[in-house]
Amino acid sequence: MSPDSSSGTSPTTVFPARIVHTIDPAAPTASAVAVRDGRFLAVGDPSDLVATYGGTIDDSLADKVLLPGFVEAHSHKDTGGIWQHTYVGYEGRIGPEGQWWPGCSTPERVVERLREADRELEDPDEPLLAWGLDPIFWPGERFDRRQLDAVSTTRQIFVIHSNMHLATVNTALMEAQGISPDTMAEGVPKDAAGWPTGELQEPAAMFLAGKPFRSFFGRLRSDEALHKFGRAARNVGVTTVTDLGTSNLLEESTVRQWLDVADEAFPMRAAMFHGAVMYAPDGDEACAAAMVDLKRKSTDRVRFGNVKLLMDGSIQGGTARVRWPGYLHGGPNGIWLIAPDQVADRIAPYHRAGLQVHTHANGDQAVEALLEGFEKVQTTHPMPDHRHTVQHCQMTSPGQYRKMKALGMCANVFANHTWFWGDQHRDITVGPDRAARMNAARTALDLGIPLSMHSDSPVTPIGSLHVAWAAVNRVTPSGDVLGADERISVAEALHAVTMGGAWQLRMEDEIGSISPRKFADCAVLEADPFEVDPMELRDVPVWGTMSGGALHQAAARG
Amino acid sequence: MADPQDRLPLTVVGGYLGAGKTTLLNRLLAEPDGQRIAVLVNDFGEVDIDGRLLESATDDVLILANGCVCCSIADDFAETLDSVRSFADRIDRVVVEVSGVGQPDKVAQWAHSPGFSPDGIVVAVDPLSIRDRVADRYVGDTVLAQLACADLLVVTRTDVAEPEALTASESWLAGVTEATVLRTPVPARVLLGPVPRKARPDDPAADHDHAAHAEQATDHVTISRVLAGPVSRASIDTWTRARPSGVVRAKGLVRVDDRPDDRTVLQVCGSSTTVAVDGPWDDGEDAVVAIALPGTPRAALVKWLNLLKGS
């Protein structure tokens, strides 16, 4: 129900805090927030707020620092669900329930972790499913079915790699699924003796893993997967997430699941973007019409009605479309997921219907073709304030940013890349000069382009403070500062992950700042991100969140 | 898992936007040459089927009176293959359309899924625009890669292109790929090759003599041969290297001397030859059949097939 039609007699709660950073220039800081009907009523001094609005004081956040709830403007629903499987990644990560999973920094650690998981499974026929494997970190060492056979010779084991394009399986799985020396598939490499090594490359080969493959992805669709997503967001102060094109929202059951799970007790809001490259079986006109209908089912917690398109692949995977001089490693150019000729035709139906189109474009050639498409559409069907957004926007040049500005587009920059793959970009994919210009948040802001920044979780872990830290410092694991001149200030970074995201989701009047009438969504922090050393921004402890006025404490670290 | 003997041959058909893929697929559905083909397409809107041929239709599947089926490719290709597997007993082969910017060889990898076997990569080429496409700054490399992975290239729009333009395109193609180049119209049995499975009593293709039919209907040359027994590994290698020009398709189900209890499938699709074991020997005859372009000397084909022999 709209708050404007209620009489305003609901109880008011005043939450004093150590400091409130509102990200609202009209009142940048305060010492308390007043909440009524799940919305911010006002900010100010606690006693003034009680004197004006009545209500009671809740002191539970009195020593906390409040910011608007963070907006993760590019994430995927599998952020939580993937934790139903055993984590074997190189870097330590925290699961949605607060459990710390130390990184598996050697092949032996991977085997050890899988043995523990094997012991915990009671049913001997249940496959062991794991994720996050990244043998790139131990070059020269073999990791194949034999390591996994050391875990079990009877239980089927399926381990997907961090890039989600490869899997490694054990001999028990190969035998059960009929993968043998006679398997001639291209994505099934063999050893010198003609035996498949256990590596399955790309979905077609992974599919040969049969039931374990299906179970791996099937479980990502459970209700529990969405609840875990909510908990993962809560743990890092994120109160609004996006599911960018991972769901087929033409399926009634998918829509129903989100509406059912995201009730008032759910700790976050979700802006759902329909994956229109994969899921538009009857064409874009029909899909756009369906999205217009679906938009009406939106609630305060779940928003429908926008779409995601994809232009190209990833830079680290060598599948992004890059302009001259191409990849530093000399590999072939990447792949198109939409034909450049068809961009305008694919966008137009959604654009004309007033829907937002957020488009994945990593490489600068992908951005170029995308902007040409938008230029055509904006010329034939001018639309004010469309807020179409370039997602990832990693190699966008200053000239392209100017064109984005002219076309009224937004940039959602993959700031975390500098930390997670910065050294690889410098040394392998594009070289030091282009790597220093990647994810050019400074350039975007200087040109006045609405900016947000993201984690693309689960590609990198969800966490807006980490994203902001990456954009502020631009450091790499090797200790390099990659592109010092593209760094932005803490204030700019925190604006990007709050109001910046809100703007791109067309929710700027509802979330993104602590301002009267907006949803009472806060990131509740233990330290003031404006006060800490910028290099420690990512380490600011998160107590939890407030979502619609309700407090959600982060899981205790286990 | 499906009986390996019942694997459905899976052919992918690629080509850039406007290359004539859809026309090619519509023709396969309309004139399947006695084969029951399941054609998997990206967009149902493009499929043009004579209403009189349509037996039933749902959101995802069209069933035709001639035994063919047309399915829309689901968001999850694994799911699409599952659904094809569910009616595998009613079809002889599968043809999969690749999107205009898709790489046919990537899609062809799915042909190794249980229940299917790879049966060639066909790429359609518009002779009038191909050279502009290849020069395009955005898609030139994509189009070239599509051509490069093809076993068979089918030059389309032969009804509108001038003969000189066709010849020029074909000689240009011969310079950039190894693939065998065909011109539309290509009969289904030539484009896709013979079906290796035994005819069943309810099989519409079983009612007529395949070879005789082909000789009358087209100028393509078909030769088949029953072998005396298992062939030697060395003779397969010789045979592979000696393929005469003009051979479009060949298929053999044979025993090899070093694996006498297994069924080895010999397969030629244009420029590529594959030799793969697909299961235990099933007591049939060791046999091979070849189809070649019009004008290919029968004697050359006979001589070639005779290279397959015991040691």
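Here is a short chat about a predicted model, with a visitor asking and a guide answering.

Visitor: Let's start with helix H8 of chain A, residues 223-235. How far apart are its end C-alpha atoms?

Guide: Helix H8 of chain A has 13 residues, and at 1.5 Å a residue it should span 18 Å. The value from the model agrees with that: the end C-alpha atoms are 19 Å apart.

Visitor: How many residues of H8(A) are buried?

Guide: To count as buried, a residue needs 20 or more other C-beta atoms within 10 Å of its own. Residues of H8(A) that pass include A:Leu226, A:Phe229 and A:Arg234. They pack against several elements of chain A, among them helix H9 (252-261) and strand E14 (238-247). H8(A) is mostly covered, and the buried count is 10 of its 13 residues.

Visitor: Now helix H18 of chain A, residues 490-504. Which residue is its kink centred on?

Guide: End to end, H18(A) looks as expected: its 15 residues should span 21 Å, and the end C-alpha atoms are 20 Å apart, which agrees. Still, the helix has a kink of about 40 degrees. The residue at the centre of that kink is one of the buried ones in H18(A). It is A:Ala496.

Visitor: What residue with a positive phi follows H18(A)?

Guide: H18(A) itself is mostly covered, with 12 of its 15 residues buried. The residue you want comes after the helix and has a phi near 60 degrees. Its name is A:Arg506.

Visitor: Is A:Cys393 buried or exposed?

Guide: A:Cys393 sits in the loop between strand E18 (389-392) and helix H13 (398-407) of chain A. Its phi is near 50 degrees, a positive value in a residue other than glycine. Around A:Cys393 there are 33 other C-beta atoms within 10 Å, and the cut-off is 20 or more, so A:Cys393 is buried.

Visitor: And B:Asp283, buried or exposed?

Guide: B:Asp283 is not a glycine either, and its phi is positive, about 70 degrees. You'll find B:Asp283 in the loop between strand E13 (272-280) and strand E14 (287-292) of chain B. With 6 C-beta neighbours inside 10 Å, and a limit of 12 or fewer, B:Asp283 counts as exposed.

Visitor: Which residue does a cis peptide bond join to A:Trp324?

Guide: Most peptide bonds are trans, but here omega is about 5 degrees. The partner lies in the loop between strand E16 (302-310) and helix H11 (343-352) of chain A. That partner is A:Pro325.

Visitor: What is omega for the cis peptide bond between A:Ser457 and A:Pro458?

Guide: To find the spot, look at the loop between strand E20 (451-453) and helix H17 (464-473) of chain A, where A:Pro458 lies. The bond joining A:Ser457 and A:Pro458 is cis, with an omega of about 10 degrees.

Visitor: Last stop, the two domains of chain B. Which element gives the largest share of the side of domain 1 that touches domain 2?

Guide: Chain B is divided into domain 1 (4-192) and domain 2 (210-306), and their centres, taken over C-alpha atoms, are 23 Å apart. Their contact takes 15 residues from domain 1 and 14 residues from domain 2. On the domain 1 side, the elements giving two or more residues are strand E7 (116-125), strand E9 (180-183) and helix H7 (188-192) of chain B. The largest share, 3 residues, comes from E7(B).

Definitions and conventions. Residues numbered from 1 in each chain as written. Chains lettered and ligands numbered in written order. Predicted model: local features only at pLDDT ≥ 70, side-chain atom pairs only at ≥ 80, totals over all residues. Helix = DSSP H or I, 4+ residues; strand = E, 2+ residues; numbered from the N terminus. Expected span 1.5 Å × (residues − 1). Contact = placed C-beta atoms within 7 Å. Bend = angle between axes of the 7 residues up to and from the residue. Domains from an automatic or database assignment.
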